[in-house]
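Colleague: Before I rely on the labels in your description, I would like to go through them with you and hear the reasoning behind each.

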Amino acid sequence: MRVTDSEENVLYGETLRNSTIDILKPADVLQTLRTTQEVTSVILDPWYNKGIGGERKDYHEWLSSVIKAACNISKHVFVWGFPEILAFQVQTIPESFTLISWLTWYYKNCPSVIRGWRSAQNTCLHLASRDAPVYPEHFLNDEQLERWRAGKMRFVPGPPSVLEAPLNIGFVGKKEQTKHPAQKPLAVIEPLILMSTREHDTVLDPMCGSGTTGEACSRLNRRAILCDISAEYLSITKKRMDQCCGFQKKETAMQSRLLEK
Ligand SMILES: C[S@@+](CC[C@H](N)C(=O)[O-])C[C@H]1O[C@@H](n2cnc3c(N)ncnc32)[C@H](O)[C@@H]1O
């Protein structure tokens, strides 16, 4: 089953075990959000408005409009960025949504040569509509799960809001690394999916870069819709899906040319 508006938007689509990954044709994030039907969770990982990806003067307004469009199609929206930049977004969360958690990704291995404090954190805002279910039980170990199912737990202990995982650089995370310059580790994407979705639910990542969300969804048996404005990065995503989950070629000759551009 396709979850996008139009079959024509799908560049590659393949059912893998119990999950389905669709890679859309290159498109702007707002276009993707405005043409996709309802999904369970959206992951937004834009350029940061500093360093790689450059700066745009209207960044805060632009990101607000992206978040708003995401909130129109999903009960859960995750937004990545640096804390000093995302702080602005907390003021403009759509009315029917709330900030469930300010998550911090803590990494110790940033090779920055800046004189002074070395960057060691990234933020991920977890926004959700007031009736959105969350699933802390997805983080329980087998023994805890048995006690929870037997009704022997007074409350479900949630995972910490600080995600500690190294940056995938050098020899760290070598197997995960693609050639994308800002790839997130699976270790910081998987918890977002576990907290906000159940098996077979759909996650949309409209700025998917190297496709980390796709690999995470495949591992967790979720559906994923992936897009990016860059054809080059989508081909990295495609290659990664091929490698991680036996993604099969389905594109037509015309679609192949589109990716080569
Ligand atoms: C920080 S990276 C995402 C990295 C990704 N989470 C991963 O793990 O590989 C940001 C991505 O946003 C994409 N992007 C930037 N502006 C965009 C736009 N207006 N529409 C769609 N994608 C965009 C970039 O091409 C880039 O791949």
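Colleague: Which residues surround the ligand most closely, and what makes a residue count as near the ligand?

Modeller: A residue is near a molecule if its C-beta atom, placed from the backbone, lies within 6 Å of that molecule, and by this rule 19 residues surround the ligand, the closest being Met-207, Gly-209, Ser-210, Thr-212 and Ile-229. By class the shell holds nine nonpolar, six polar and four charged residues, where Ala, Val, Leu, Ile, Met, Phe, Trp, Tyr, Cys and Pro count as nonpolar, Asp, Glu, Lys and Arg as charged, and the others, Gly among them, as polar. This is a predicted model, in which local features need pLDDT of at least 70 and side-chain atom pairs count only at pLDDT 80 or more, while totals for chains, interfaces and linings use all residues. Residues are numbered from 1 along each chain as its sequence is written.

Colleague: Why is Leu-11 called buried?

Modeller: The test is a count of other C-beta atoms, placed from the backbone, within 10 Å of the residue's own: 20 or more makes it buried, 12 or fewer exposed, and anything in between partly exposed. Leu-11, which sits in strand E1 (residues 10-16), has 24 such neighbours and therefore counts as buried. Over the chain of 261 residues, 36% count as buried.

Colleague: Why does Arg-56 fall into its class, and what does Arg-56 touch?

Modeller: Arg-56 belongs to the loop between strand E3 (39-44) and helix H2 (59-71), and because 12 other C-beta atoms lie within 10 Å, Arg-56 is exposed. Contact means that the C-beta atoms of two residues, placed from the backbone, lie within 7 Å, and, neighbours within four places in sequence aside, Arg-56 is in contact with Asn-49 and Trp-62.

Colleague: Why is Pro-136 put in its exposure class?

Modeller: Pro-136 has 14 C-beta neighbours inside 10 Å and so counts as partly exposed. Its place is in the loop between E6 and H4, and, leaving aside neighbours within four places in sequence, Pro-136 is in contact with Val-156, Gly-158 and Met-195. Pro-136 and Ser-196 are 60 residues apart in sequence, yet 8.8 Å apart in space from C-alpha to C-alpha.

Colleague: How do you know whether helices H4 and H5 are covered or open?

Modeller: Helices (H or I, at least four residues) and strands (E, at least two) are DSSP runs numbered from the N terminus, and the chain has eight helices and nine strands. In helix H4 (residues 142-149) the number of buried residues is zero out of eight, so H4 lies largely in the open. In helix H5 (residues 186-196), by contrast, nine of eleven residues are buried and the helix is mostly covered; among the buried ones are Leu-186, Glu-190 and Met-195.

Colleague: What makes E8 and E9 a pair, and which hand does their crossover have?

Modeller: Two strands pair if DSSP finds at least two bridges between them, and strand E8 (residues 202-205) is joined to E9 by four bridges, the two running parallel. Leu-204 stands opposite Ile-225 in E9. The chain passes from E8 through helix H6 (residues 212-220) to E9 in a β-α-β crossover that is right-handed, the term for a path from the first strand over the helix to the second that runs clockwise with the strands pointing away from the viewer. Both faces of E9 (residues 223-226) are covered, with Arg-223 and Ile-225 buried on one side and Ala-224 and Leu-226 on the other.

Colleague: In which sense does E5 pair with E6, and in which with E7?

Modeller: Strands E5 (residues 97-106) and E6 (residues 121-129) are antiparallel over nine bridges, whereas E5 and strand E7 (residues 162-164) are parallel over three bridges.

Colleague: What makes a set of residues a nonpolar core, and which members of the largest one touch the most others?

Modeller: A nonpolar core is a set of buried Ala, Val, Leu, Ile, Met, Phe, Trp, Tyr and Cys residues joined through C-beta atoms within 7 Å. The largest has 50 residues, of which Leu-44, Ala-70, Val-77, Phe-78 and Val-79 touch the most other members. Beyond its neighbours within four places in sequence, Val-79 is in contact with residues including Leu-44, Ile-67 and Leu-127.
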